[in-house]
Amino acid sequence: MSNERSREIYDRALSVLPGGVNSAVRAAPQPYPVFARKGEGGHVVDADGTRYIDWIQGLGPLLYGHDLPEPVTAAVQRRVAEGPVFGMPTELEVEHAEFVTRHVPSVEMIRFVNSGTEATVSAVRLARAVTERNKVVVMQGGYHGAQESTLVEGDADHPRPSTDGIPQSFAQHTLPVPFNDPEAAKDVFERHGDDIAAVLVEPVQANAGIAYPVDGYHRTLAELCEDAGALLVWDEVITGFRVGGLGCAQSKFGIDPDLTTFGKIIGGGFPVGAIGGKTEYVEQFTPSGDVFQAGTFSGHPATMAAGLEGLKYAAEHDVYEHVNALGRQLREGLSEIVAERAPEYTVVGTDSIFKVAFTRAESPPADACCASGCRQDPECARFGDCPKRGTDAGHMATDRYARLFRPAMQEEGVLVSQNQFEANFVSYAHTEEDVERTLEAYRACL
């Protein structure tokens, strides 16, 4: 398999783009990234003309793969033909907002923005204004975009910026705690409850190793927020309209957050973000309230068309049944392969998300209760070693994944997540044949 063209393009890119890319994770593949030329359904064709089964799916936004359903394509083309951007509101923004508020119970009002990062930045600002407090609880190993309030590591006693360019004085307002540790959450509220504006949490830590919540964990966070007068903010940028279908992950887990951040699928593959939640909070954004938030491209017509028509199509067809069934088929097949060939590894994921986590477990492979991916079941033989928080990804065989496994999968004609931290995604365009070919590739590469 030749990647000569990708190598040449990357060589040029290194002279004009920092690290040769416009988003850091794209430089993760070794020894250099594969440059995409076009998509075809559940597949992607690279700059050298090689065709792969694509489980990256744009890092999650592509519920339909690279070929959008005809109604979605037609709606986008129509909107683009009518004008690129107006600096004025359109009826389409209202229609999209009405759809979301009908299907996500916790969302009574929504503000569209342009990225998941912009959504979480705005949600934190809103929570601080509503509560008149400064501190925000985040989960260690989680990710909430490239923003100052959440690019923080350490623990609640010793928070520190996780990147250069963020003052330590900013980090002191962020309280990192371990995901899936209710006692740690209770402790931080006991010590800082009067100063906590919000808890910002992913329902499933899908950006770092895919850590499923232990039973009752999210209910504990909700109760702590309610008792302390803090806002519970669910980051559904990845899980929104993928996990739990049109009701999102909050419907799957039975949680009613105060605010929810969205991205990816809500824009149908176009740049998007959104903050939804209770009217009493969201209406505090300007101009109805005093919390400033604005953006030239917010509610962009092409994005609104793609997002709305994509979700309408899902509501009228068997989209979630299809992608979730393939996701389960992949996870069950991977569990069998891992048990036979790499018993120290763990299969993770839910709904249409999947991954093999290169854990270094010494316990037996997962039991039947977790055959479709880790469910944090105490009865499972793997429970003591299964990944319980995003930080566990750092203890996995990350070099083996990046330098040996992923390149080998690429040679087999399958593209999987670019590093050990990210999820893989199933699209409506994927088929059972894609699943079988992928399982054969995993079997060969493990």
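## A guided tour, starting at Cys-248

Begin by selecting Cys-248, which counts as buried at 0% relative accessibility. Keep in mind as you go that this is a predicted model. Cys-248 belongs to helix α8, and its backbone is worth a look: phi is positive, about 65°, although the residue is not a glycine. As background, most residues other than glycine have a negative phi.

Why is Cys-248 not bonded to Cys-225, the closest cysteine? The two sulfurs are 19 Å apart, too far for a bond. Now select Cys-374 and Cys-386. The sulfur of Cys-386 is the nearest cysteine sulfur to that of Cys-374, at 3.7 Å, yet Cys-374 is in no disulfide. The cut-off for a disulfide is 2.5 Å between sulfur atoms, so a separation beyond that does not count. Cys-374 is also buried, at 7% relative accessibility. In fact, the structure holds zero disulfides.

**Next stop: aromatic rings**

There are 14 aromatic pairs in the structure. Show Tyr-64 and Tyr-313 as sticks: the ring centres are 5.5 Å apart and the planes meet at 85°, so this pair is edge-to-face. Which parts of the chain does the pair tie together? Tyr-64 comes from the loop between β3 (51-54) and α2 (70-82), while Tyr-313 is in helix α10 (residues 301-316), so the pair links parts that are 249 residues apart in sequence. Both Tyr-64 and Tyr-313 are buried.

Move on to Trp-234 and Phe-253, another edge-to-face pair, with 6.4 Å from centre to centre and 70° between the planes. Here strand β10 (residues 231-235) supplies Trp-234 and helix α8 (residues 248-253) supplies Phe-253, so the parts tied together are 19 residues apart in sequence. Is each partner buried or partly exposed? Trp-234 is buried, with a relative accessible area of 0%, whereas Phe-253 is partly exposed at 22%.

For a group of rings, select Tyr-345, Phe-358, Tyr-401, Phe-405 and Tyr-442, which form one aromatic cluster.

**Charges over rings**

Bring up Arg-375 with Tyr-212. The charged end of Arg-375 sits over the Tyr-212 ring, 4.6 Å from its centre. Then try Lys-388, which lies over the face of Phe-383 at 4.1 Å from the ring centre.

**A pocket to look into**

Turn to the second largest pocket, which holds about 390 Å³ of space. Which residues lie nearest its centre? Select Pro-89, Glu-93, Phe-112, Ser-298 and Gly-299 to find them; the whole lining has 20 residues. Colour α3 (91-103) and β4 (109-113) as well, since each supplies at least two lining residues. By type, the lining divides into ten nonpolar, eight polar and two charged residues.

**Last stop: backbone surprises**

Most peptide bonds are trans, but you can find cis ones here. Select Gln-30 and Pro-31: the peptide bond joining them is cis, with omega about -5°. Pro-31 is in the loop between α1 (4-16) and β1 (36-40). Thr-286 to Pro-287 is also a cis bond, with omega near 10°, and Pro-287 sits in the loop between α9 (279-282) and α10.

Finish at Leu-59, in the loop between β3 and α2. Leu-59 has a positive phi of about 70° although it is not a glycine, and this residue counts as partly exposed at 24% relative accessibility.

Terms used:
Residues are numbered from 1 along each chain as its sequence is written. This is a predicted model: local features need pLDDT of at least 70, side-chain atom pairs count only at pLDDT 80 or more; totals for chains, interfaces and linings use all residues. Side-chain values use heavy atoms; hydrogens and water are left out. Buried means under 20% relative accessible area, exposed over 50%, partly exposed in between (1.4 Å probe, protein chains only). Rings of Phe, Tyr and Trp (its six-membered ring) pair if their centres lie within 6.5 Å; planes under 30 degrees apart count as stacked, over 60 as edge-to-face and the rest as tilted. Helices (H or I, at least four residues) and strands (E, at least two) are DSSP runs, numbered from the N terminus. A charge sits over a ring if NZ of Lys or CZ of Arg is within 6 Å of the ring centre and within 35 degrees of the ring normal. On a 1 Å grid over the protein atoms alone, a cavity is a set of points where a 1.4 Å probe fits but cannot get out, and a pocket is an open set with protein on both sides within 12 Å along at least five of seven lines; lining residues have an atom within 4 Å of a point. Grid points are joined across faces, edges and corners, and a volume is the space filled by probe spheres set on the points. Ala, Val, Leu, Ile, Met, Phe, Trp, Tyr, Cys and Pro count as nonpolar, Asp, Glu, Lys and Arg as charged, and the others, Gly among them, as polar.
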